[in-house]
Each structure stands twice: as C-alpha cells, then as structure tokens.
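Trainee: Before I plan anything at the bench, could you take me through this model with questions and answers?

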Amino acid sequence: CWDAIGGPPSFSSVTRDVYDPDTKVTLSQLLAVARDVAGAAAELHRAGITHGDLYAHNILVPKRGAAMDAAASEPAQGRPAAILSDLGAAFFYCDQSTKAD
C-alpha cells in the first residue's frame, strides 16, 4: 500500500501541500525518496515530457513504518522508495538544443 507524502492542496499553505504534523522521516528515507523522484523526472525529461505538477501530494511512498524503512534501505533490490503519480498536468516540450533553425 502507498500513501501520498502530502495531503490535498490547501491554498492557506504557502507550499500548497499539507502535512500530517506527526510525520517524521529519517535522512535515509528522505534521500531515497529524492533519488526515486529525481530518477522518475529524469526518465520523463529524456522522453521530452515535463511532469507539470511535482508536489508532495503527487509523490507516493510505502505506508509509513517498516515498508518505508525497507524501501529506503534496499534500493538495490528494486524496491522503490517513491513513485511519481498524477501526470494530469504533464506536457511534451521542445528541446531548444535540437530544434532546427
């Protein structure tokens, strides 16, 4: 099972994401999530796609606890620490470095 890192957007929040005040993550969990999100964004960019809505409420992580700890500590076993979701704002872009004059 997976949970979004942040709750639904709230315009009363500067970041738009709302977080459970009891949420705590370790440095290894944080780095594992950042690694997986960066990897997913890089794959999209290689395909010429921009996510368009990269916020915590669109990043899924294993349910808190042992599953999240395992995902952060076992990336070599193919267990993701995070999944990028909701591509509703995604779009294709033109790479200016390859655009013909």
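Mentor: What follows is a set of questions on the sheet, the core, the salt bridges and the surface, each with a reasoned answer.

Mentor: This is a predicted model, in which local features need pLDDT of at least 70 and side-chain atom pairs count only at pLDDT 80 or more, while totals for chains, interfaces and linings use all residues. Residues are numbered from 1 along each chain as its sequence is written, and side-chain values use heavy atoms, with hydrogens and water left out.

Trainee: In what order do the three strands of the open sheet stand?

Mentor: Strands here are DSSP runs of E with at least two residues, helices are runs of H or I with at least four, and both are numbered from the N terminus. Two strands pair if DSSP finds at least two bridges between them; three bridges join S1 to S3, and two bridges join S3 to S4 in the antiparallel sense. The pairing in the sheet is antiparallel, and the order is S1-S3-S4.

Trainee: Which strands stand at the edges of that sheet?

Mentor: In the order S1-S3-S4, an edge strand has a single partner, so one side of it is left without a neighbour in the sheet. The strands in that position are S1 and S4.

Trainee: Which residue of S4 is the bridge partner of Ile59?

Mentor: S3 and S4 pair over two bridges, and the one asked about involves Ile59. Its partner in S4 is Leu84.

Trainee: Which element supplies the largest share of the largest nonpolar core?

Mentor: A nonpolar core is a set of buried Ala, Val, Leu, Ile, Met, Phe, Trp, Tyr and Cys residues joined through side-chain atoms within 4.5 Å, where buried means under 20% relative accessible area, exposed over 50% and partly exposed in between, with a 1.4 Å probe and protein chains only. The largest such core has ten residues, namely Ala32, Val33, Val37, Leu44, Ile49, Ile59, Val61, Ala81, Ala82 and Leu84. H1 and S3 each supply at least two of these residues, and the largest share, four residues, comes from H1.

Trainee: Is Pro62 buried or exposed?

Mentor: Pro62 has its place in strand S3, and its C-alpha is 6.8 Å from that of Ala81, although the two are 19 residues apart in sequence. Because its relative accessibility is 6%, Pro62 counts as buried.

Trainee: How many residues apart in sequence are the parts tied together by Asp3 and Lys63?

Mentor: A salt bridge is a side-chain nitrogen of Lys or Arg within 4 Å of a carboxyl oxygen of Asp or Glu, and the closest N and O atoms of Asp3 and Lys63 are 3.1 Å apart. Asp3 lies in strand S1 (residues 2–4), and Lys63 lies in the loop between strand S3 (59–62) and helix H2 (66–73), so the pair ties together parts whose separation in sequence is 60 residues.

Trainee: How far apart are the closest N and O atoms of Arg46 and Glu43?

Mentor: The structure holds three salt bridges, and Arg46 and Glu43 form one of them. Both lie in helix H1, three residues apart, about one turn of the helix. Arg46 counts as exposed at 61% relative accessibility, while Glu43 counts as partly exposed at 48%; their closest N and O atoms are separated by 2.6 Å.

Trainee: In the salt bridge of Asp36 and Arg35, which residue counts as buried?

Mentor: The side chains of these two residues, Asp36 and Arg35, meet at 2.9 Å, N to O. Arg35 has 35% relative accessibility and counts as partly exposed. At 17% relative accessibility, the buried residue is Asp36.

Trainee: Why does Leu31 count as exposed?

Mentor: Leu31 is found in helix H1 (residues 27–46), and together with Val25, Leu27 and Leu30 it makes a nonpolar surface patch of about 400 Å². Patches are made of residues with over 30% relative accessible area and no salt bridge, like charges being joined within 9 Å and nonpolar side chains (Val, Leu, Ile, Met, Phe, Trp, Tyr) within 5 Å, and the areas come from the Shrake-Rupley method with a 1.4 Å probe, only the protein chains shown counting as cover for residues. Leu31 counts as exposed because its relative accessibility is 53%.
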